[in-house]
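Trainee: I would like a close look at one part of this model. Please take me through a single helix and its surroundings.

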Amino acid sequence: MTPAAFLDRDGVLIEDTGFPHRPAQARMVPGAWAAVRRLNAAGFFVAVVTNQSGVARGLFGEAEVAAMHLWLREQARAAGARLDAFAHCPFHPTDGTGAYRRESPRRKPGGGMIEDLLRFFPIRREGSLLIGDRATDMGAAAAAGIPGHLFAGGDLDAFVKGIIP
Ligand SMILES: [Mg+2]
């Protein structure tokens, strides 16, 4: 059982340009793959945990989320880094229509995505951490009982270097 690094996606791995949902729109954050390589080398399972309410809002579909995450996984591999898992929450409690308009324990600041990953993969809570760029990310970390680190931009690898042992 290894600890996990839970990474927010938009604003941590890729720039948060406002519901990015196609690889062509993705601008990597400086140092993103070096940061993931560093986490890999330090023995962390690396999982992306991302609210994607753009699905609820009708801006894009689940297929685009899946394609984006496949692309990110391939980009990581090409850079010698490894993204082990992805979790996303397509719901929104008040915006959008239909089945995606609902509360979800998986939506950050809820801890549901982290809890699901802890259940599905051979990872342990102790020693795990989360990196996010919003208060809702910190809320999800707190809900899961792990430290949350607020990334305010800049070089992600320099940030990670400062927080892991
Ligand atoms: Mg974010």
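Mentor: Here is a walk around helix α5, its neighbours and the metal site. Keep in mind that this is a predicted model.

Start with the buried side. Helix α5 spans residues 156-163, and its buried residues are Leu-156, Asp-157 and Val-160. They sit on the same side of α5, because they cover an arc of only 95 degrees around the axis. The general rule is that an α-helix has 3.6 residues a turn, so residues three or four places apart point the same way.

Now turn the helix over. The face away from the buried side carries exposed residues: Ala-158, Lys-161 and Gly-162.

Next, the start of α5. There, a side-chain oxygen of Asp-155 comes to within 2.9 Å of the backbone nitrogen of Asp-157.

What do the buried residues of α5 pack against? Their partners are α1 (32-41) and β4 (123-132).

Take α1 first. Asn-40 belongs to this helix. Asn-40 counts as buried, because its relative accessibility is 15%, and the cut-off is under 20%. Leaving out residues up to four places away in sequence, Asn-40 touches Val-46, Ala-81 and Arg-82.

Then follow β4 to the metal. The magnesium ion has the protein donors Asp-8 (OD), Asp-10 (O) and Asp-133 (OD), at 2.0 to 2.1 Å. Asp-10 lies in the loop between β1 (2-7) and α1, and Asp-133 in the loop between β4 and α4 (135-144), so the pair ties together parts 123 residues apart in sequence. Asp-10 is buried at 9% relative accessibility. Asp-133 is partly exposed, at 23%.

Note on methods:
Residues numbered from 1 in each chain as written. Predicted model: local features only at pLDDT ≥ 70, side-chain atom pairs only at ≥ 80, totals over all residues. Heavy atoms only, no water. Buried < 20%, exposed > 50% of the residue type's maximum accessible area, 1.4 Å probe, protein only. Helix = DSSP H or I, 4+ residues; strand = E, 2+ residues; numbered from the N terminus. Arc of directions from axis to C-beta. Contact = heavy atoms within 4.5 Å. Polar contact = N/O pair within 3.5 Å; in protein donor to acceptor, adjacent residues only side chain to side chain. Donors = N, O, S within 2.8 Å, 3.2 Å for Na, K, Ca; no water.
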